[in-house]
Amino acid sequence: MASRRCLRTLTLTLTRHDSAVFSSTPSLQLPPTPPPLPSPSPSKTLNHRHLYTLLLLSKPSNILCNRQPTWPQHPRHFSSHSGDENDDDEEGEDENDDDDEEMGEGSDTENVSASNRVYSAEEKEREAAAIGYKVVGPLQPSDRVFKPLEPVFAVVQIGSHQFKVSNGDCVYTERLKFCEVNDKLILNRVLLLGSTCQTIIGRPTLPDAAVHAVVEEHALDAKVIIFKKKRRKNYRRTKGHRQELTRLRITDIEGIEKPEMPEVGKSEKAASEKPQKVAVAT
């Protein structure tokens, strides 16, 4: 009796649900009425398998095919967002890697384009003048540019750096373009000249002054390590950089009177000689 009551309630609920579905959607057509269910004999008891088969027989096939189940949408609540943070970290690392790669590719392309560019003579002279020098030409074997030390100094500007130089000094600057080893240069951006007897200050430069130099070497500076880190992000980047340098030898300074230096041998002899007594007749 309990199984019969359960079967009856299931059939009633299914028929009500189907009638509600068809009333809400008029486009659907009612299927033909299924044949009446065989009534089980009172001697046999219904088990779960019999109930399941009866339920399938009572359900129309087209409704099962056409109707889609509607599942309730419940928001998902998590006690911790470790997975989301990891995803965000991975996305951030990917973005940083992409940015680094794009920056590296951009710098490589810029370097390649700059190296492949062909400059005319006027463009070379204009860019060299903007930096603060002028290329005269290669050093000849007959040139005698190196002179003894003179008591004169100058303050010159090369690019964005200023140097105090004297005759015979060696200066390291950033890599100078359009010049090779053993080329003679004129540093025309002179800010100050000085000697033992006078000092000349430019406003801001001295037009009549010039400092002559010779390119001795194009070299690389010591390696500098660039290390980047973002804590708790698993982000570490290590790069190295070696700055290109040019070594200049100062040969002459023009634009100021150079005092004569006393000879070392004569001064020592004069100091060593004793004054002699001279007899005066009275």
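In what order do the five strands of the open sheet with antiparallel pairing stand? In this predicted model, local features need pLDDT of at least 70 and side-chain atom pairs count only at pLDDT 80 or more, while totals for chains, interfaces and linings use all residues. Residues are numbered from 1 along each chain as its sequence is written, and side-chain values use heavy atoms, with hydrogens and water left out.

The order of the five strands is E1-E5-E8-E11-E4. Strands here are DSSP runs of at least two residues, numbered from the N terminus, and two of them count as paired if DSSP finds at least two bridges between them. Strand E1 (134-138) and strand E4 (170-174) each have a single partner strand, so one side of each of these edge strands lacks a neighbour in the sheet. On average, and with direction ignored, neighbouring strands of this sheet are turned by 35° against each other; the axes behind this angle are lines fitted to C-alpha atoms, and angles run from 0 to 180 degrees between N-to-C directions.

Moving inward, E5 and E8 are joined by four bridges in the antiparallel sense. Here Leu185 lies opposite Ala213 in E8, and Ile186 has His212 of E8 as its bridge partner. E8 is also antiparallel to E11, with ten bridges between the two; Ala210 stands opposite Glu254 in E11.

A further open sheet has four strands, ordered E3-E2-E6-E7 and paired antiparallel. Its edges are E3 and strand E7 (199-201), each with a single partner strand, so one side of each is left without a neighbour in the sheet. Neighbouring strands in this sheet are turned by 15° against each other on average, direction ignored. E6 and E7 run antiparallel and are joined by three bridges, and Leu193 has Ile200 in E7 as its bridge partner.

Leu193 also leads to the interior. The largest nonpolar core (buried Ala, Val, Leu, Ile, Met, Phe, Trp, Tyr and Cys residues joined through side-chain atoms within 4.5 Å; buried means under 20% relative accessible area with a 1.4 Å probe, protein chains only) has 24 residues, and Val165, Val190, Leu193 and Val211 have the most contacts inside it. At least two core residues come from each of several strands, including E3 (161-166), E6 (190-195), E8 (210-220) and E11 (244-254). E2 gives the largest share, four residues. Leaving aside residues up to four places away in sequence, Leu193 touches ten-residue surroundings that include Phe153, Ala154, Ile200, Leu206, Ile253 and Ile256, where contact means heavy atoms within 4.5 Å.

Conventions: Buried means under 20% relative accessible area, exposed over 50%, partly exposed in between (1.4 Å probe, protein chains only).
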